[in-house]
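User: Could you take me through one pocket of this model in some detail, the second largest one? I'd like to know which residues line it and what the elements around it look like.

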Amino acid sequence: MLDPHVARTIRDMPADLISLKVGINIVALATFRLRTFGPAVHGFLDTVRDGHPDTPLLLMSPVSCPALDVTPGPTTMGPDGKITALGDPADVARGALSLNVVRDELARIVAARRARDSHLHYLDGRDLLGPHEAHDLADGLHPTAAAYRRMGKRFAAHAFADDGPFR
């Protein structure tokens, strides 16, 4: 949720590596608009970097969630036990956040910051769990145990590869 106290906690704790996954709860709860999301991400990263200026940091966007990929939140649980987005996709043009908007904004932020922060990296969450694996979201939002294992393996393969951010 990009809470400042969380950023300060990360800043003040020792860390050899930092990974952050940002976006799904922000969209599901409709807590930001595009105008406020980018500055909140920058502020969070600035605070973390105050304590860890050279620590490898991997910023990940949300995994696929068909209910929210193009439709903004907030969300509710439908009668079938599956998540349903209540937002209007047309509102994205007016600044509402969908997961696709969040992914694009996070990628843009990392690309802009990399000019002065070579230890900052980006991973599109769909590389961990893509749209073709939506059947592994038990309630349309939360991955199954098997999906979490697969995501963990994919994360490790990416992050700790010979050319990965944590090498």
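Analyst: Happy to. The second largest pocket of this predicted model is lined by Lys21, Ile24, Asn25, Val63, Cys65, Leu141, His142, Pro143, Tyr148 and Met151. Two elements, α2 and α6 (145-159), each give two or more residues to that lining. By class, the lining holds 7 nonpolar, 2 polar and 1 charged residues, and the space in the pocket comes to about 150 Å³.

Let's start with α6. Its 15 residues should span 21 Å at 1.5 Å a residue, and this agrees with its end C-alpha atoms, which are 21 Å apart. The buried residues of α6 are Ala147, Met151, Phe155 and Ala159. Looking down the axis of α6, you will find these buried residues within an arc of 90°, so they line one face of the helix. The general background is helpful here: an α-helix has 3.6 residues a turn, so residues three or four places apart point the same way. Met151 is thus a residue to follow, as it belongs to the buried set of α6 and also to the lining of the second largest pocket. On the other side of α6, the exposed residues are Ala145, Arg149, Lys153 and Ala157.

Now for the other end of the list. Lys21, Ile24 and Asn25 line the second largest pocket, and these three names turn up again in the lining of the largest pocket. That lining also includes Met1, Leu2, Asp3, Val6, Leu20 and Phe44. The largest pocket holds about 210 Å³ of space, and its lining has 8 nonpolar, 2 polar and 2 charged residues. Both β1 (18-21) and α2 (24-28) supply at least two residues of the lining of the largest pocket, with α2 giving the largest share, 3 residues.

Lys21 brings us to β1. This strand has a covered face, made of Ile18 and Leu20, and an uncovered face, made of Ser19 and Lys21. Lys21, on the uncovered face, is in the lining of the second largest pocket and of the largest pocket, while Leu20, on the covered face, lines the largest pocket. β1 pairs with strand β2 (residues 57-60) in the parallel sense over 4 bridges; in that pairing, Leu57 of β2 is the bridge partner of Ile18.

Definitions and conventions
Residues numbered from 1 in each chain as written. Predicted model: local features only at pLDDT ≥ 70, side-chain atom pairs only at ≥ 80, totals over all residues. Heavy atoms only, no water. 1 Å grid on protein atoms, 1.4 Å probe; cavity = no way out; pocket = protein on both sides within 12 Å on 5 of 7 lines; lining within 4 Å. Points joined across faces, edges and corners; volume = space filled by probe spheres on them. Nonpolar A, V, L, I, M, F, W, Y, C, P; charged D, E, K, R; others polar. Buried < 20%, exposed > 50% of the residue type's maximum accessible area, 1.4 Å probe, protein only. Pairing = 2+ DSSP bridges. Expected span 1.5 Å × (residues − 1). Arc of directions from axis to C-beta.
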